[in-house]
Amino acid sequence: MLKSWNACTQAVCGMKLLRKEGCFGMEGILQQVPSPWHRIEISQVEDLSDAVHGAGMEATQMARGKLSGSLIFSEQDGVTYSGGFIEGRVALRGPLSPDTLSLGLGLWLPGSSWHSFTEVKTGDVAIYHGGDEHDSLYAPGSVYAVATLSADQLEQEAGKNGMVLDRAALGGTGIHNRSMTPEVVTALAAEFSRIHTGNPARPGLGKMLLRAIINHLGRPPYNHGRRANTHLHARIVARARAYIVEHLSEPIALDDIAAAAFASRRTLYRAFADILDDTPQTYVRRLRLHRIRRGLATDRERACTIAVVANEWGISELGRLAGWYRELFGELPSETLAAFKQSESAQEGSTAH
């Protein structure tokens, strides 16, 4: 078993060496590892109140000596990722989040680490529902990573990966009965150790963590017969699309779409994947982006700013709008607007002649 953790232990030893050489920089100062990850060096027990970003837990130092290590965090696409390398024996207690899920992975847990009086080991996966008590004891050298997100978003991300991970499949708060495979854990541990040592993060590392957790906790959808499913899914999608189009300019909740389609959220996801190769949320955004593009072509809308047009269709964050729009149409909204204006000017010029 120890042989399978060589890469992880080497990375942890590397962190110890860097800390001794002073390569972490000034204590207690927020340091930004190249976007989008941030690192805080641990210099006192109070720093560990945010061992999971924003948690505000009660941290208790359980052994003499100065604490060290680092905490890292990143916020990407509505998911908060946290991680820690703790050199010291500490106890942490309190909810990780008041209303969202926290899914944790032990990347390197030396002996005598505990969660809720249950001994945990490297590769164990912890599930904490919003408001539930986290009660842990970490041994020196512990390394962990956590993804915090809503249950709806977890279900959506699982659907994108062809997996089912709803509330029933997820289960309650506690340690999952299976550990993650050593190969996956070792690879993730090496990548997270890079950030703890002040090196740039691998692009997409947060999604790698979330995908590994989803693949571990989730399950493939049941196949109850392709032909029967397709016919049922087509009717569900038809009802859902009718509701979406009717309410496109209003806030649309996933539960409302499911209710209008007479389906559970899980079945709604399956139906959209089967018929449209899409998720309900992505389909709603896709339609709104088309309405925005259409709006930029009209005389009335061209007199407005892009922000005004986007707000009419429920998209208020221009940064995200630009990214979504370019991903779908291959150009920015400003480029679409400029092209329509140029075309209009050319038509007016030809008419004048």
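**Exercise 1. Strand S7 and its partners**

Work out how many bridges join strand S7 to strand S12, and in which sense the two run.

*Solution.* Step 1: start with the ground rules. This is a predicted model, in which local features need pLDDT of at least 70, side-chain atom pairs count only at pLDDT 80 or more, and totals for chains, interfaces and linings use all residues. Residues are numbered from 1 along each chain as its sequence is written, and side-chain values use heavy atoms, with hydrogens and water left out.

Step 2: locate the strands. Helices (H or I, at least four residues) and strands (E, at least two) are DSSP runs, numbered from the N terminus. S7 covers residues 101–108, and S12 covers residues 142–149.

Step 3: look at the pairing. Two strands pair if DSSP finds at least two bridges between them. S7 and S12 run antiparallel and are joined by 7 bridges; Leu 103, for example, has Ala 147 in S12 as its bridge partner.

Step 4: turn to strand S10 (residues 125–128), which also pairs with S7 in the antiparallel sense, over 4 bridges. Here Gly 104 stands opposite Ala 126.

Step 5: check how covered S7 is. Buried means under 20% relative accessible area, exposed over 50%, and partly exposed in between (1.4 Å probe, protein chains only). In S7, 8 of its 8 residues are buried. For the chain as a whole, buried residues make up 45% of the 353 residues.

**Exercise 2. An open sheet**

Find the order of the 5 strands in the open sheet that includes S3, and say why S3 and S9 each have one side without a neighbour there.

*Solution.* Step 1: begin at S3 (residues 58–61), which runs antiparallel to S6 (residues 90–95) with 4 bridges between them. Two of the facing pairs are Glu 58 with Arg 93 and Ala 59 with Leu 92.

Step 2: move on from S6 to S11 (residues 133–138), an antiparallel neighbour joined by 6 bridges. Ala 91 has Leu 137 in S11 as its bridge partner.

Step 3: read off the whole order, S3-S6-S11-S8-S9, with antiparallel pairing. S3 and S9 (118–120) stand at the edges with a single partner strand each, so one side of each has no neighbour in the sheet. From one strand to the next, the twist averages 20 degrees.

**Exercise 3. Two helices in contact**

Decide how helices H2 and H5 are oriented towards each other: roughly parallel or roughly perpendicular?

*Solution.* Step 1: take the geometry. Axes are lines fitted to C-alpha atoms, for helices over the stretch in contact, and angles run from 0 to 180 degrees between N-to-C directions. H2 (residues 151–160) and H5 (residues 205–217) pack at about 85 degrees, and their axes are 10 Å apart.

Step 2: name the orientation. H2 is therefore roughly perpendicular to H5; angles under 35 degrees count as roughly parallel, over 145 as roughly antiparallel, 65 to 115 as roughly perpendicular and the rest as oblique.

Step 3: list who meets whom, with contact meaning heavy atoms within 4.5 Å. Leu 154, Glu 157 and Ala 158 in H2 meet Lys 207, Leu 210 and Ile 214 in H5.

**Exercise 4. Aromatic pairs**

How many aromatic pairs does the structure hold, and how is the pair of Tyr 325 and Phe 329 arranged?

*Solution.* Step 1: set the rule. Rings of Phe, Tyr and Trp (its six-membered ring) pair if their centres lie within 6.5 Å; planes under 30 degrees apart count as stacked, over 60 as edge-to-face and the rest as tilted. The structure holds 5 such pairs.

Step 2: take Tyr 138 and Tyr 144, which are stacked at 5.7 Å centre to centre, with 25 degrees between the planes. Both Tyr 138 and Tyr 144 are buried.

Step 3: compare Tyr 325 and Phe 329, a tilted pair at 4.7 Å centre to centre and 55 degrees between the planes. Both lie in helix H12 (residues 318–329), 4 residues apart, about one turn of the helix. Tyr 325 is buried, as its relative accessible area is 0%, while Phe 329, at 21%, counts as partly exposed.

Step 4: finish with the cluster that ring pairs make by linking Trp 37, Tyr 81 and Phe 192.
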